[in-house]
Amino acid sequence: PLGCPLIALYRDRLVLAGNPKHVWYMSRQGDPNDWDYFADATDPGRALFGLIESAGTPGDEITALIPGSDDYLIIGGRDSLWIMRGDPAQGGQLDAIERSNGIYGPESWCYGSKGEIYYLSRDGLYMLPPGGTALPQAISRDKIPTELLTAADTFDWDQGPMLEYDAAHRGIHIFYPTNTSGLDSDDSTGHFWVDLDSYGFWPMTLNKGLAPFATCRA
């Protein structure tokens, strides 16, 4: 598959998604260069592809891939959230855990200190407990700034705000993507710090022209 903006590693498979927007792909287990989807159907390591959909409904647009170690893979959609438990070629299952809210974009999520997953949706900030057995928990609906709830009107769906967990200060940074027009644009505002003890949102201002392209938790 070419031109896929989303990538992850899950159960020793390379996982790609996003081209077309509703399709996910998995390489052969242990071989990221083998994408033969028409190999022997009894081969448990064969390459695979699929959609996030229920029977009789069209596939949602995929916006994020989030591995939960090798136990499960979270697939975020524009308007839904799905979990793949196990390997799909070895009896694994793909189930919907949220059908009304998805994830803003490829970087609109982060891991917490205990393996929980925080993600930003059109309905606020959510937390998915580790283990893949519990439902997402809304943690900010009555506190989240309006700017974040209306971010869908500001960004293309393949971008979205970037989240990064800060272990030293126990909180989450939410950065708006830098404006590609460069220093002539005002990309200094619109960023937030989330205090995970009170779930309070604090606006942050950066120097003009220095909004991040990407973040990395060290």
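Hi everyone. Let me start with one definition: a residue is partly exposed when its relative accessible area falls between the buried class, under 20%, and the exposed class, over 50%. By that rule Arg 85, at 32% relative accessibility, counts as partly exposed. We'll come back to Arg 85 in a moment. Please keep in mind that what you see above is a predicted model.

First, the overall picture. The protein chain has one helix and 16 strands. Of its 218 residues, 48% count as buried. The chain exposes about 10900 Å², and carbon and sulfur atoms supply 52% of that area. Looking at contacts between residues at least 6 apart in sequence, 44% join residues at least 24 apart.

Now to the inside. In soluble globular proteins, nonpolar side chains tend to be buried together. Here, the largest nonpolar core has 18 residues, and the members touching the most other members are Leu 125, Leu 148, Ile 172, Ile 174 and Phe 201. Several strands supply at least two residues each to this core, among them E10 (117-121), E11 (124-128) and E14 (171-175). If you'd like one residue to click on, try Phe 201. Setting aside neighbours within four places in sequence, Phe 201 is in contact with residues including Leu 125, Pro 145, Leu 148, Ile 174 and Trp 193. There is also a second, separate core of 16 residues, which includes Ile 52, Leu 65, Leu 73 and Trp 82.

On to the charges. The count of salt bridges comes to seven, and I'll walk you through three of those pairs.

Back to Arg 85, as promised: Arg 85 forms a salt bridge with Asp 95, with the closest N and O atoms 3.3 Å apart. This pair links distant parts of the chain, since Asp 95 sits in strand E8 (residues 93-98) and Arg 85 in strand E7, 10 residues apart. Asp 95 is partly exposed too, at 28% relative accessibility.

Next, Arg 78 and Glu 61 form a salt bridge with their closest N and O atoms 3.8 Å apart. Arg 78 is in the loop between strands E6 (72-77) and E7 (81-85), and Glu 61 in the loop between E4 (48-51) and E5 (62-68), so this bridge ties together parts 17 residues apart in sequence. Both ends are partly exposed: Arg 78 has a relative accessible area of 33%, and Glu 61 is at 27%.

The third pair is Asp 197 with Arg 170, whose side chains meet at 2.8 Å, N to O. Asp 197 lies in the loop between E15 and E16 (200-204) and Arg 170 in the loop between E13 and E14, so the pair ties together parts that are 27 residues apart in sequence. Asp 197 counts as exposed at 58%, while Arg 170 is partly exposed at 34%. Elsewhere, salt bridges with shared partners join Arg 28, Asp 34 and Asp 43 into one network.

One last residue, Asp 60. Which side chain of opposite charge is nearest to Asp 60, and how far away is it? That would be Arg 78, at 6.3 Å; Asp 60 is buried yet has no salt bridge. Asp 60 lies in the loop between E4 and E5. What Asp 60 does have is a side-chain polar contact of 2.7 Å with Ser 80. Beyond its neighbours within four places in sequence, Asp 60 is in contact with Lys 21, His 22, Ile 52, Gly 77, Arg 78, Asp 79 and Ser 80. Ile 52, you may remember, is one of the residues of the second core.

That's my tour, thanks for listening!

Notes: Residues are numbered from 1 along each chain as its sequence is written. This is a predicted model: local features need pLDDT of at least 70, side-chain atom pairs count only at pLDDT 80 or more; totals for chains, interfaces and linings use all residues. Side-chain values use heavy atoms; hydrogens and water are left out. A nonpolar core is a set of buried Ala, Val, Leu, Ile, Met, Phe, Trp, Tyr and Cys residues joined through side-chain atoms within 4.5 Å. Buried means under 20% relative accessible area, exposed over 50%, partly exposed in between (1.4 Å probe, protein chains only). Helices (H or I, at least four residues) and strands (E, at least two) are DSSP runs, numbered from the N terminus. Contact means heavy atoms within 4.5 Å. A salt bridge is a side-chain nitrogen of Lys or Arg within 4 Å of a carboxyl oxygen of Asp or Glu. Lys and Arg count as positive and Asp and Glu as negative; His and the chain ends are not counted. A polar contact is a pair of N or O atoms within 3.5 Å; within protein, one must be able to donate a hydrogen and the other to accept it, and residues adjacent in sequence count only if both atoms are side-chain atoms. Accessible areas come from the Shrake-Rupley method with a 1.4 Å probe; for residues, only the protein chains shown count as cover.
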